[in-house]
Amino acid sequence: MSQLLHQTMVVLADDVIPNYKPEVPGTLKTPTGKILGWTAGVGLALAVLGGLAGWACVAIGHNSERAQLAARGKQAILWSLVSGMGIGVTSGLVLAFYNMTQG
């Protein structure tokens with residue numbers, strides 16, 4: 001019974017699902033890759049600068065006994081790490097899906 005059901009589902013799936021391969025037009029491949037690369041690069045550079053500024057705030061806050069400045073610096077470091085990971089993961093996912101449509 002299960003073998004008959006499996007064969008029926010395979011036949012139905014072959015009839016319903018069209019044979020279609022999505023592709024990005026050739027004129028968009030190079031500019032889109034450049035835009036994604038520049039966006040990821042600039043975003044990661046800003047995340048690094050934010051992290052460095054956060055470390056500077058922590059150092060200044062601890063040395064001058066300004067607890068609030070040190071606390072904000074620690075938050076800046078944390079959010080710089082989170083944003084850097086987010087940019088890296090998002091960029092990687094977009095490029096992976098983009099490259100899947102090419103081949």
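## A predicted three-helix chain

Glu65 is exposed, its relative accessible area being 73%. This residue sits in the loop that joins helix 2 to helix 3, and its phi angle is near 60°, a positive value in a residue other than glycine. The loop offers a convenient point of entry into the model, which is a predicted one.

The chain as a whole contains three helices and zero strands, and along the sequence the pattern reads α-α-α. Of its 103 residues, 15% are buried. The accessible surface amounts to about 8200 Å², and carbon and sulfur atoms contribute 70% of that area. Among contacts with a sequence separation of 6 or more, 57% are made by residues 24 or more positions apart.

Helix 3 follows the loop. This helix covers residues 67-100 and comprises 34 residues, with 50 Å between its first C-alpha and its last, close to the 50 Å expected at 1.5 Å a residue. Its buried residues are Ala70, Gly73, Ile77, Ser80, Gly84, Ser91 and Tyr98. A general property of the α-helix is useful when reading such a list: with 3.6 residues a turn, residues three or four places apart point the same way.

Ser80 deserves separate attention among these residues. Its relative accessible area is 12%, and Ser80 is therefore classed as buried, the cut-off for that class being under 20%. A polar atom of the Ser80 side chain lies 3.4 Å from the backbone oxygen of Ala47. Once neighbours within four places in sequence are set aside, the contacts of Ser80 are with Ala47, Gly50 and Gly51.

Other positions in helix 3 can be placed relative to residues earlier in the chain. Ala71, in helix 3, has its C-alpha 7.1 Å from that of Val58, and the two residues are 13 apart along the chain. Ala71 has a relative accessibility of 38% and so counts as partly exposed. Gly88 also belongs to helix 3; its C-alpha is separated by 7.8 Å from that of Leu44, a residue 44 positions away along the chain. With a relative accessible area of 37%, Gly88 is likewise partly exposed. Val94, again in helix 3, is 61 residues from Gly33 in sequence, while their C-alpha atoms are 9.9 Å apart in space. At 36% relative accessibility, Val94 too falls in the partly exposed class.

The description now turns to helix 2, which spans residues 26-63 and includes Leu49. Leu49 has a relative accessible area of 51% and is therefore exposed, since that class begins at values over 50%. Leu49 is one of the residues that form a nonpolar surface patch of about 670 Å², together with Trp38, Val42, Leu46, Val48 and Leu52.

Taken by residue, the picture in this part of the chain is as follows. Leu49 is exposed and contributes to the nonpolar patch, whereas Ala47, Gly50 and Gly51 are in contact with Ser80, a buried residue of helix 3. Between helix 2 and helix 3 lies the loop that holds Glu65, the exposed residue with which this account began.

Definitions and conventions:
Residues are numbered from 1 along each chain as its sequence is written. This is a predicted model: local features need pLDDT of at least 70, side-chain atom pairs count only at pLDDT 80 or more; totals for chains, interfaces and linings use all residues. Side-chain values use heavy atoms; hydrogens and water are left out. Patches are made of residues with over 30% relative accessible area and no salt bridge: like charges are joined within 9 Å, nonpolar side chains (Val, Leu, Ile, Met, Phe, Trp, Tyr) within 5 Å. Accessible areas come from the Shrake-Rupley method with a 1.4 Å probe; for residues, only the protein chains shown count as cover. A salt bridge is a side-chain nitrogen of Lys or Arg within 4 Å of a carboxyl oxygen of Asp or Glu. Helices (H or I, at least four residues) and strands (E, at least two) are DSSP runs, numbered from the N terminus. Buried means under 20% relative accessible area, exposed over 50%, partly exposed in between (1.4 Å probe, protein chains only). Contact means heavy atoms within 4.5 Å. A polar contact is a pair of N or O atoms within 3.5 Å; within protein, one must be able to donate a hydrogen and the other to accept it, and residues adjacent in sequence count only if both atoms are side-chain atoms. The expected span of a helix is 1.5 Å times one less than its number of residues.
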